[in-house]
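Student: Before we begin, could you walk me through this model one question at a time, with the reasoning spelled out?

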Amino acid sequence: MIRPHTTVLFDIDGTLLSSSGAGLRALERAMVDIHGIAHAMDGVSLAGRTDRSIVRDLIAAHRLSAGIEAENTILAGYLGHLPEQLSTAATLLPGIVRLLEHLAEQKDIAVGLLTGNIRRGAAVKLGHFGIHHHFSFGGFGDRHVDRDDVAREAVESLRDRHGADYPTDRVLVIGDTPLDIRCARAVGARVLAVATGIHAVHELAPHAPDHLMADLSNYDSVLELLRP
Ligand SMILES: [Mg+2]
């Protein structure tokens, strides 16, 4: 395998797709099934966070007995409801398919994920839109509570494939929240912030991403950032 000159790590929700609350509703249904609690997600924030941390907060907010098993039970319920919830409202964001296809043609660019989704949830969401095959590695929200640790996992996964000395200044993180910007910094990567999630351009700008775009519809301008 050729060592890629540049690596792109994509966030999922608000960056590749808009799930329109599908994940939230899937978690709510799981909470009804398992604990008989309705509207369990009221007041729990999702954007930029890991599934592990969201479920842990959910358990604490409802004073349920804590522990990895209790968390995994809710995550399994969530996965069960996710496909149906995605089919009702989720959409791909502008330009994503074309951008991924253009990236796939670049032999010196590797494409992975840096997401708070658990690995199987990521596969369900991306598979729903037929784009899962574009991503061969990444960091996920199965174990980590802190997104910075997800970024470290993504870099480990990259280095397993392309060498332990692969430089992180050749990695571009693309994400839609201040937490994406922060976690890119935590591993020494560059970051392109995109205002297709809940944060507008003027809200992302103060977090000083290297690059900032309203959306990813102009794939040329994204590819331009990746040229050696
Ligand atoms: Mg996001």
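Student: Is D165 buried or exposed?

Tutor: This is a predicted model, and the answer for D165 rests on its computed accessibility. Residues over 50% relative accessible area count as exposed. D165 has a relative accessible area of 58%, so this residue is exposed.

Student: With which residue do the side chains of D165 meet in a salt bridge?

Tutor: D165 lies in the loop between α6 (147-162) and β6 (171-175), and its partner lies in the segment before β1 (6-10), so the pair ties together parts that are 162 residues apart in sequence. That partner counts as partly exposed, at 36% relative accessibility. The salt bridge, at 3.0 Å from N to O, is made with R3.

Student: Which residue of helix α3 meets R52 in a salt bridge?

Tutor: R52 is buried, with a relative accessible area of 7%. R52 lies in helix α2 (residues 51-61) and its partner in helix α3 (residues 68-89), so the pair ties together parts that are 19 residues apart in sequence. The partner counts as buried too, at 3% relative accessibility, and the salt bridge of 2.8 Å, N to O, joins R52 to E71.

Student: Which other arginine meets E71 in a salt bridge, and is that arginine buried or partly exposed?

Tutor: The side chain of E71 also meets that of R56, at 2.8 Å from N to O. E71 lies in helix α3 and R56 in helix α2, so this pair ties together parts that are 15 residues apart in sequence. At 34% relative accessibility, R56 counts as partly exposed.

Student: Which residues do salt bridges that share partners join into one network?

Tutor: A salt bridge here needs a side-chain nitrogen of Lys or Arg within 4 Å of a carboxyl oxygen of Asp or Glu, and by this rule the count comes to 13. Salt bridges that share partners join into one network the residues D11, R147 and D180.

Student: What are the protein donors of the magnesium ion?

Tutor: The donors follow the spacing D-x1-D-x162-D along the chain. D11 is buried, with a relative accessible area of 5%, whereas D13 is partly exposed, with a relative accessible area of 25%. Lying 2.1 to 2.2 Å from the ion, the protein donors are D11 (OD), D13 (O) and D176 (OD).

Student: T115 is in contact with D11; is T115 buried or exposed?

Tutor: T115 is found in the loop between β4 (109-114) and α5 (119-128). Leaving aside its neighbours within four places in sequence, T115 is in contact with D11, I12, G139, F140, G141, R147 and V150. At 0% relative accessibility, T115 counts as buried.

Student: How far apart are the end C-alpha atoms of α3?

Tutor: At 1.5 Å a residue, the 22 residues of α3 should span 32 Å. A kink of about 40° lies at L82, shortly before the proline P83. The computed separation agrees with the expected span, the end C-alpha atoms of α3 being apart by 30 Å.

Student: Against which helices do the buried residues of α3 pack?

Tutor: The buried residues of α3 are E71, I74, L75, G77, Y78, L79, H81, L82, Q85 and L86. This list includes E71, which also meets R52 in a salt bridge, and L82, where the kink lies. The buried residues of α3 pack against α1 (22-35), α2 and α5.

Notes
Residues are numbered from 1 along each chain as its sequence is written. This is a predicted model: local features need pLDDT of at least 70, side-chain atom pairs count only at pLDDT 80 or more; totals for chains, interfaces and linings use all residues. Side-chain values use heavy atoms; hydrogens and water are left out. Helices (H or I, at least four residues) and strands (E, at least two) are DSSP runs, numbered from the N terminus. Buried means under 20% relative accessible area, exposed over 50%, partly exposed in between (1.4 Å probe, protein chains only). Contact means heavy atoms within 4.5 Å. Donors are N, O and S atoms within 2.8 Å of the metal (3.2 Å for Na, K and Ca); water is not among the atoms, so sites may look incomplete. The expected span of a helix is 1.5 Å times one less than its number of residues. The bend at a residue is the angle between axes fitted to the seven residues ending there and the seven starting there.
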